[in-house]
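Colleague: Could you pick one part of this model and take me through it closely? I'd like to hear how it is paired, how it is covered and what its charged side chains do.

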Amino acid sequence: MTQSGWGHMRKYHRWVMTVFGILLVYWVVSGLVMAIYDLTDHNQIWAIEGGGPGARLTDFAIDAQPIAAPASYGAGLAAALAKTAALAKTAALAKTGSLQIASADLRMVGNAPRFQLADASGDRNTERRFYANTGAPMDEAVADAAIYPANHDFRTTLKAWHRGNIVGLPGQFVGLSVGIALITLTITGVWFYFQLWNGRRKIGKKEFFWSGRESMWRRLHRWSAIVVAVFVLNIAISGTILAWGEIQLNIFLKYHIGFAPYPRPMPLPPVSSGALPRDIPILLQNSYLAARAAAPHAKIAAITLVERGDGVAKGLVTLAGGAPKILAFNARTGAAVTDWATGGAQVGAGYFADWHQMLKRFHRGDIIGSFMGRFIDISAGLALLYLVVSSFVMYVNLLLQRAKLGRKGLFW
C-alpha cells in the first residue's frame, strides 16, 4: 500500500473509533459483566439456556415431583387440545387450516401438572401452557418456575442489554453496526502494526515489541492490540453474525418477512422438526407405559413427544432422582428407540448442534472448555476495553494539540 493509501486507512481507523467508541465501551462492558456473571454462576444458567457443553436436559428432574399416568389427566389434556385448536385460526400453530403441533410436554411444575404444546417455527408465542388436570391456561411465570433457577430473569435482562434488544430491533441494528465497526478497527489496527513492524525490520529492528519516545498509553495500546487481535476478531466476527441472525429471526417472527435462520425452541423440552399425530394423549400414555415397563420402580418426571423428521413420533421419558436420565420410545408402539436427547447432554444433533449455538460457543469462548474459555474471553474483553479507552485518550490528546494550533476539526 502506498503512503497515501496507508494514510487513508489510518484516517478511517480514527474516524470509526471516534464515531463508535462510546457504543463500543457499552458493548464491551455489558459483555464483560455477563461473562463474569456466567463464570461465577454455579448453576450454569447460561448452559441450561442452550449451547453450553456442560448443560443437561435432565437437571430439572433431580428434585422434580413425579407425574401421574397421562390417562388420569385425560379430560384436562382433551380440553387443552380443544382450546389450542380454537386458537388455530389466529395463532402460528395453524398451517393451511390444519393444526400443526410439533412438540408436547407433560411434567410437574411444583405441585401442578403442566401440559405444554408448541409448533416448530421457533416462535415462543406459539407455546401454549395448561394445567394438565383441568385444561385451564397456565401463566408463563408459573409454568417456567420449576425449570429455571430464581436468577434466570436477571441473566435474561443482562443478555437483553448486551444484545441491544432491550429496546427492540433498533438496538439490535446498532449492535450490528458496532460489530462491523469493531471488525474494521481490528483489521486496520493490525495492518498499521505490521506496516510499522515491516518498516523497522528493513532497518534491522526485527523485534515484535518495541518502545520509543511515546506515551505509555500508546505503547500498551499497541502491545495489547497485537497480543489479543485474534481473540478480539473472533468476538467481533461471531458477534456480528449472531446479531444479524437475531435481526433476521425477529423480522421473520414479528413481520413475517424472510425466514427463520435457526430454530428457537423451548429450553426444555427440545422441539421437533415435524408435526405430531393428532392423538397426543394416547401417545403420551403409550410412552408412560413403555417407561413403566422398562423401569418399574423409577419416578417419571416428564414425557415429551417429538418428531425428528423421520416420521416417527418419539416419547422421551425423563426419570427423576439423583441420577436422572431420558428413555426414548416409539410413542405408537412402545418399542425402545434411540434419540440424541437420551445422552442427556447438549451435543450431537438437533438445536443443540445448530450453527447458532455453535457460534455462540465460539463467541463466549467455551468452545475450548466451559471455564478456561471464559477466562480467555474475559481477558480479551478487558484488553479490548483498554484499547477503546486508550484510543479515546490518544484521540483527545491529539485533538487538544490541534486546537492549540487553531485546527478545531473533530475529524482530520
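Modeller: Let's start at the hairpin of β3 and β4, which has two residues between the strands and where G110 takes a positive phi near 70°. Bear in mind that this is a predicted model, so local features need pLDDT of at least 70, side-chain atom pairs count only at pLDDT 80 or more, and totals for chains, interfaces and linings use all residues. Residues are numbered from 1 along each chain as its sequence is written, and side-chain values use heavy atoms, with hydrogens and water left out. Strands here are DSSP runs of E with at least two residues, helices are runs of H or I with at least four, and both are numbered from the N terminus.

Two strands count as paired if DSSP finds at least two bridges between them. On the hairpin side, β3 and β4 pair in the antiparallel sense over seven bridges, with D105 opposite Q116 in β4. Now look at the other side: β3 (residues 103–109) also pairs with β6 (residues 300–307), antiparallel again, over four bridges. There A104 stands opposite L305, and L106 stands opposite I303.

Zoom out and you get an open sheet of six strands in the order β5-β4-β3-β6-β7-β8, with antiparallel pairing. Its edges are β5 (128–131) and β8 (325–330), each of which pairs on one side only. Neighbouring strands in this sheet are turned by 20° against each other on average, ignoring direction; the axes are lines fitted to C-alpha atoms (for helices over the stretch in contact), and angles run from 0 to 180 degrees between N-to-C directions.

So what covers β3? Seven of its seven residues are buried, where buried means under 20% relative accessible area, exposed over 50%, and partly exposed in between (1.4 Å probe, protein chains only). In a regular strand the side chains alternate between the two faces of the sheet. Here S103, D105, R107 and V109 sit on one side, A104, L106 and M108 on the other, and all are buried. Helix α8 (residues 280–294) lies across β3, β4 (112–118), β6, β7 (313–319) and β8, at about 125° to β6; contact here means heavy atoms within 4.5 Å.

Now the charges. D105 and R107 are linked with R114 in a network of salt bridges, a salt bridge being a side-chain nitrogen of Lys or Arg within 4 Å of a carboxyl oxygen of Asp or Glu. The structure holds five salt bridges. Just ahead of α8, D279 forms one with R332, the closest N and O atoms being 2.5 Å apart. That pair links distant parts of the chain, 53 residues apart: D279 is in the loop between α7 and α8, R332 in the loop between β8 and α9 (355–364). D279 is partly exposed at 23%, and R332 is partly exposed at 44%.

For comparison, E246 forms a salt bridge with R163 at 3.2 Å between the closest N and O atoms. This pair too links distant parts of the chain, E246 in α7 (residues 216–255) and R163 in α5 (residues 152–163), 83 residues apart. E246 counts as buried at 6% relative accessibility, while R163 is partly exposed at 29%.
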